[in-house]
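Open the model in your viewer and keep the sequence panel beside it. We will go from the whole chain to a few strands, one selection at a time.

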Amino acid sequence: MVATFVSAAQADYEESDNPTSECVAFPSPTIVSAPYLHEIEVQDDRVFIRTELFNVERTVFMDGRDHPGNEERTNQGHSIGWWEDDALVVETVSFNDETWLTDDGSFHTKDLRVIERITRDEDTLEWRATAHDPEILQKPWELVPRIAQLTDLEITEAAPCLERDM
């Protein structure tokens, strides 16, 4: 899987600039592919997506609303969703520009838009996520992780960022 990023976006890469070194979580779609547990809780009017890495919890509004347009920009954005047959489709916008799409200096702008399509078979989830950011990406970037369903494990508070002397 190779993302097609504008090459200048990575030209000045410094590991010390990586937002995750300051405990700032990746946005979707990158956080979905992290080797940590994910949990999806479906309720009538919303879906909660929890990720063990950085203890991220996203709320996906399923009540037919649109994005308000004036919502606070965050590193996880604002998500609305709907069902298409057996697929959960999630559209996320209103990201801030304080995170990277990947851990190698591939940043994004506030115009990042991510569409996720989550389907399930007997043993796995296919979590197809496509990132659109015309200012940074030469074409949409797609990640398609297949995630094993493990019903006997619970999310814990993963702590990749420990207090350290500065």
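Two strands count as paired if DSSP finds at least two bridges between them. Keep that in mind as you look around, and remember that this is a predicted model.

**Whole chain.** Select everything and colour by secondary structure: the protein chain holds one helix and nine strands. Follow the ribbon from the N terminus and the elements come in the order α-β-β-β-β-β-β-β-β-β. Now switch on the surface, which has an accessible area of about 9800 Å², with 45% of that belonging to carbon and sulfur atoms. Of the 166 residues, 42% count as buried. If you display contacts between residues at least 6 apart in sequence, 47% of them join residues at least 24 apart.

**β3 and β4.** Next, select residues 56-61, strand β3, together with residues 78-84, strand β4. These two run parallel and are joined by two bridges. Zoom in on F61 and you will find I80 of β4 opposite.

**β4 and β5.** Keep β4 selected and add residues 87-93, which make up strand β5. Is this pairing parallel or antiparallel? It is antiparallel, and seven bridges link β4 with β5. Which residue of β5 is the bridge partner of G81? Click on V90 to see that partner.

**The turn.** Finally, move to the end of the hairpin that β4 and β5 form, where two residues lie between the strands. Pick D85 in this turn and check its backbone: phi is positive, at about 55°.

How values were computed: Residues numbered from 1 in each chain as written. Predicted model: local features only at pLDDT ≥ 70, side-chain atom pairs only at ≥ 80, totals over all residues. Heavy atoms only, no water. Helix = DSSP H or I, 4+ residues; strand = E, 2+ residues; numbered from the N terminus. Buried < 20%, exposed > 50% of the residue type's maximum accessible area, 1.4 Å probe, protein only. Contact = heavy atoms within 4.5 Å. Areas by Shrake-Rupley, 256 points an atom, 1.4 Å probe, with all protein chains shown as cover.
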